[in-house]
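Pull up the model and keep the sequence beside it. We'll walk through the pockets and then turn to the strands and helices.

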Amino acid sequence: MEQNTNKAERFRFYALKLAKKQQLTKNTFSLELEVPEDLKDVFRFEAGQYIPIKYEFGKQEYVNDYSMTSAPFENRISLGIKVNSDESSVNGLISKNTGDTVWAAAPRGRFTLVSRPHEFRTILGFAAGIGITPLLSHFKNILHHEPRTRLFLFYGNRSSDDIAFRSELDDLVEKYGSRLQVFYFLSRERPHNHLFFGRIDEHKLQLIINQILHLDDTDEESTIWDAVDEVLICGQGQMIRALANACYENGIPKKNIHFELFEAFNEDIFPQEKEFPLVENIEVTYRYAGEEYTTTIPDNKNRLLQQLLEEKFPVPYSCKSGICGSCICQLEHGDIELLENEYLTEKEEQSGKILACMTVPLSRKIKLNFDII
């Protein structure tokens, strides 16, 4: 996802060598970066994480986040990248050749799972298009480290020619066929089985539950869906919202539904269930990139981040949906309500960390610090 350019100031970038570039489909590529020995510790990562990449296009600097497709045990960093058009800034990165320098920051992100190698687990993955990248890292890592875990991947694309990483997924199925099943869904090409035609949404999920996850060979008294421990979802915001809510409505606890956005999304993933008292004329003071800013927002009908952006104030952001953590800051004064988010840990919340995109002010004065993260 392309980032607010101010975000580049918050990272330290390192020069890595482009070791390998491969075109997978008409508009998706795989890049492998070579990490020198003295930077191995900097670039250690967990399955599901991403790295920020800095590059130039049209004499302008961009910072994009790209998920690793490699698993940590593979001791390499491979990325999946999609180019949407000839005008897309990412062409500035794709135009690089093997041996060229790529500027990368340390791995980030919390689209991760705790490994449980001694447990019997069932994990589902839902991906659309380039959203397969962090799930590929997860699935390889889980298959390698968790011999008792079974996985089901539901992967949507427009056509069979658009399926990125298909050969790698097919190799995993061949190697781990007793524990891994992959189902491909096509929205603009009719497969033989009508079940696999169309986008993966809440309606398709119900068919998946009833027609694929209905019989469990390991327990005749329950279904595979009943045994699901974790759900991983990666794609566009509308898809994530539809599937996350459908999973929740079908009995999966919210804490077991994990998602990663590949675009800005200004809406809540789960619907807001609380109402808040109206507060008007709220004075907001905050520190960001060494500068102090003060403004007065009219009320608390909208989230704090959204109101600051509407007034053209510089603030760090990316997804605006409580997932990426770009707008994390310290609440130094005031009362707020922090809505449901996928990023902050309980310890961080207790220490006063908040996400501006998920913050509803409840007092007339609010003071934040984005430089303490």
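Let's begin with strand 11, which gives three residues to the lining of the second largest pocket, the largest share from any element. Bear in mind throughout that this is a predicted model. The second largest pocket itself holds about 780 Å³ of space. It is lined by 34 residues, and if you want to find its centre, look for K254, E340, N341, E342 and Y343, which are the closest to it. Strand 11 covers 257-261, and strand 15 (336-338) joins it as an element giving two or more residues to this lining. As for chemistry, the lining splits into 12 nonpolar, eight polar and 14 charged residues.

Now move over to the largest pocket, with a volume of about 1,300 Å³. Here 48 residues make up the lining, and K82, N84, G129, I130 and Q236 lie nearest the centre. Which elements supply at least two residues each to this lining? They are strand 4 (60-67), strand 5 (77-82), strand 8 (150-157), strand 9 (180-186) and helix 5 (237-249). Sort the lining residues by type and you get 16 nonpolar, 21 polar and 11 charged.

Strands 4 and 5 turn up again in an open sheet. Six strands build this sheet, in the order 4-3-6-1-2-5, and their pairing is antiparallel. Why is one side of strand 4 and of strand 5 left without a neighbour in the sheet? Both stand at the edges, and each has a single partner strand, so there is no sheet neighbour on the other side. Ignoring direction, neighbouring strands in this sheet are turned by 40° against each other on average.

Further inside that strand order, have a look at strand 1 (residues 13-23) and strand 6 (residues 101-105). These two pair in the antiparallel sense over five bridges. To pick out one residue pair, go to L16, whose bridge partner in strand 6 is V102. When you follow side chains along a strand, it helps to know that in a regular strand they alternate between the two faces of the sheet.

Next comes helix 2, which runs over residues 132-145. Its 14 residues reach 20 Å from the first C-alpha to the last, close to the 20 Å expected at 1.5 Å a residue. Is helix 2 largely enclosed or largely open? With 12 of its 14 residues buried, helix 2 is largely enclosed by the rest of the structure. The buried set is I132, T133, P134, L135, L136, S137, H138, F139, K140, N141, I142 and L143. You'll notice that polar side chains such as S137 and N141 are on that list of buried residues.

Strand 18 (residues 365-369) is a good next stop, with two pairings to trace. With strand 12 (residues 280-288), strand 18 pairs in the parallel sense over five bridges, and T285 has K367 as its bridge partner in strand 18. With strand 14 (residues 328-333), strand 18 runs antiparallel, and three bridges join the two. On that side, Q330 stands opposite N369 of strand 18.

Finally, look for P361 in strand 17 (residues 359-361). Is P361 buried or exposed? Buried: its relative accessible area is 0%, where anything under 20% counts as buried. From P361 you can step 10 residues along the chain to D371, and the C-alpha atoms of P361 and D371 are separated by 20 Å.

Notes
Residues numbered from 1 in each chain as written. Predicted model: local features only at pLDDT ≥ 70, side-chain atom pairs only at ≥ 80, totals over all residues. Heavy atoms only, no water. 1 Å grid on protein atoms, 1.4 Å probe; cavity = no way out; pocket = protein on both sides within 12 Å on 5 of 7 lines; lining within 4 Å. Points joined across faces, edges and corners; volume = space filled by probe spheres on them. Helix = DSSP H or I, 4+ residues; strand = E, 2+ residues; numbered from the N terminus. Pairing = 2+ DSSP bridges. Axes fitted to C-alpha atoms, helices over the stretch in contact; angles between N-to-C directions. Expected span 1.5 Å × (residues − 1). Buried < 20%, exposed > 50% of the residue type's maximum accessible area, 1.4 Å probe, protein only.
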